[in-house]
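Subject: Structure handover

Hello,

Here is the structure for you to take over. My notes on it follow below.

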Amino acid sequence: MRLLLTLTLLLSLSVLCFAQKTDTITITRKFIDNKVILFSEQAQLYIDSSGKSPVQQIDRQTFFPLHTFRFQPFAFDYFDYVFWLRVTINNPADVMIPALFTAGVHKGVKIFRKVNGRFVVLESTQQDLLPHQRPFRYDEKYVPLKFYPHQTYELLIKISEHPQLFMNLQPKLVSYGWEYDDKMRAFFDEYRYLMADGFFASILFFVAMYMFVLYFVEHKRYYIYYAGYLFFILLFALWGIEHSPYMRIFFSFIPFLKFSANNNTYALIANIFYYLFLNEFLELGKIAPKFEKTVRIYLRLLILLLIADTLLNFIFQAYQAGGYVWIITQPVIAFFGIYSTIMVLTLKGSFVKYIKWGSVALLSGVIVGISEQLLMMKPFENVLMRLALSMPFNIGVLVEILCFSTALGYKTWLRQRNRNLLMKSVKESDLRTLRSQINPHFIFNSLNAIKSYILNHRSVEAAEYLTDFSTLMRSILQNSKEKLIPLADELETTLLYIKLEKLRFDNDFEFVYEIDNKIDTSETLIPPMLLQPYIENAIKHGLMNKPSDRRLTISIRALTYKTLIVIDDNGIGREQASLLRKHLFKNQSMGMNINDERIKLLAMTNDWHIDIQIIDKKASGKALGTKVMIYLPDID
């Protein structure tokens, strides 16, 4: 690029090496009446590629007519250069004539006048000045000048540039009246850009904040990813909006971000969040694993480009190299956008159709927006909006937001519906558990035991049995209302149940109870009535069918992040018990089946994963009983 500029400059010098004298521009009193003077034909140009030559040295350089030089597009070298214009202006009138000079929108403009062989500064401006700091507060591109009567002004105008795709110099003098009329015309002709950009930014901000709120309510990562995507699209929009001389929101107070960097940073971060959202929301790892791997590779590429962009533009301030990163990034985003949209169109799902529509709309807006920039289809001389955003891009993003928001709402509705169904199932399971735990056979046998005590004139045992029985019933009814209870309450109910069973069977089996001292039973949580079905099976089907030496053991041990409860019996085993009571097997196993269903539902609805293992103890093919191992996770 530098070689091309050098050759162009040498060619111009070879043809015009003697064209040093400038044509004098005459400014008359009529100029005050809303006039404009274009002097591209009269001005001469010198390009200081070093950007460091002092003004006195510049005056001795070889200038050539400005209108003969053609600025190259995509010339990121330009921001390293300083462009010097030489022009002579004469005021033959008897009055001082005020005027505004402009050569377009540039980083900085400084005007020198030759006085007694030396150049002195008349006026200067910088694009990063706030309105109250500008010499002409209403627009940073204008520099106010005063031309006094019967004087000739030999001017050198120093123009420095910030990184941009297209560079051009269009020097002119305008009257204050012309500038005011131009501004009023712009408010009528360009108000649609103001309204569209304000509408666009407002929607982005509102939806982004709403997604942030949904993330903290639903705790789903795709909400925070989509909020991040919208937030950086908003920054992308604000970066362009605030190049207007009339907008001061955020970037205007950080000139380094506004004029030294480009919008590539925000586009890269927005793309990273966008594909993180697609990957998480569509669950690509499940429905399209190959596409998901490609997205992950693309995300790594975007991160590398973002690191390069940040280092070059913000750390080392190597804006030329940073501009090439921008040129690389734009087609990469467009091409992968086409690929990802094609892949999304092949996916299936109840809410995926909304993602398809939104992806197509967004891709269309991005391609048109990039084309407008690269092909100079978008107007670059707006008065109100220096960097007018692409209307097709805005429309594409808004349609995408509508479609994606619909998909998010639909998926949230499906999740809520499934959650309600699960909660209904949990409640129904709890009711069935309550009904199954208050076993009619147990109640009938307990009442018969009390009756037997009374008939045998064992009133003390009957009273004690009845007291324990009523206490157990009350405990079951109270605990059944809770989703989780302390282990201490569960053990109290369990031990009372075993005590009644021992009394009913005349203490015909031995019971051993062990608990680890490390366990705080008041802090450890457990679903109510979890242990009773396994203990009931151990006593009725395992121990009572054995002639002698019956033993039931409950041991509780502390493990890492878990509590282990072991219910061990030395009965006849499950296989023999099922053969002996084959006609009762279905009814007798109902409590355990309902318990298993309840544990699955708790895992699905509350992420409480309780692991239960049932082991048939055998030796030499002979059943030695059954061991139930229940692993309780630590639940906060």
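Salt bridges

Searching the whole structure gives 18 salt bridges, a salt bridge being a side-chain nitrogen of Lys or Arg within 4 Å of a carboxyl oxygen of Asp or Glu. Please note that this is a predicted model, in which local features need pLDDT of at least 70 and side-chain atom pairs count only at pLDDT 80 or more, while totals for chains, interfaces and linings use all residues. Residues are numbered from 1 along each chain as its sequence is written, and side-chain values use heavy atoms, with hydrogens and water left out.

One of the salt bridges joins Asp-468 and Lys-499, with 3.1 Å from N to O. The two are 31 residues apart and link distant parts of the chain, Asp-468 sitting in helix α14 (residues 459–479) and Lys-499 in helix α15 (residues 487–504). Helices (H or I, at least four residues) and strands (E, at least two) are DSSP runs, numbered from the N terminus. Asp-468 is buried at 11% relative accessibility, whereas Lys-499 is partly exposed at 36%. Here buried means under 20% relative accessible area, exposed over 50%, and partly exposed in between (1.4 Å probe, protein chains only).

Asp-568 and Lys-617 form another salt bridge, their closest N and O atoms being 2.6 Å apart. Asp-568 belongs to strand β16 (residues 562–569) and Lys-617 to strand β17 (residues 611–619), so this pair ties together parts 49 residues apart in sequence. Asp-568 is buried, with a relative accessible area of 18%; Lys-617 is partly exposed, at 23%.

Strand β17 also supplies Lys-618, which is linked to Glu-575 in helix α17 (residues 574–580), 43 residues apart. Their side chains meet in a salt bridge of 3.3 Å, N to O. Glu-575 counts as exposed at 52% relative accessibility, and Lys-618 as partly exposed at 49%.

Asp-59, Arg-86 and Lys-114 are joined into one network by salt bridges that share partners.

Strand β5

Arg-86 is also one of the buried residues on one side of β5, along with Val-82, Trp-84, Thr-88 and Asn-90. On the other side, Phe-83, Leu-85, Val-87, Ile-89 and Asn-91 are buried too, which leaves both faces covered. Because 10 of the 10 residues of β5 (residues 82–91) are buried, the strand is largely enclosed by the rest of the structure.

Strands pair if DSSP finds at least two bridges between them. With strand β1 (residues 24–26), β5 pairs in the parallel sense over three bridges, and Thr-24 stands opposite Thr-88. With strand β3 (residues 44–48) the pairing is antiparallel, over five bridges; Phe-83 is the bridge partner of Ile-47. With strand β10 (residues 151–160), β5 pairs in the antiparallel sense over 10 bridges. There, Thr-88 stands opposite Glu-154.

Nonpolar cores

A nonpolar core is a set of buried Ala, Val, Leu, Ile, Met, Phe, Trp, Tyr and Cys residues joined through side-chain atoms within 4.5 Å. The largest has 74 residues, and among those with the most contacts inside it are Met-211, Tyr-226 and Phe-281. Elements giving two or more residues to this core include α4 (191–218), α7 (264–281) and α12 (391–437). α5 gives the largest share, 16 residues.

Leaving aside neighbours within four places in sequence, Tyr-226 is in contact with Met-211, Phe-277, Glu-400, Ile-401, Phe-404 and Leu-408, where contact means heavy atoms within 4.5 Å. A second, separate core has 39 residues, including Leu-472, Ile-498, Leu-500 and Ile-526.

Regards
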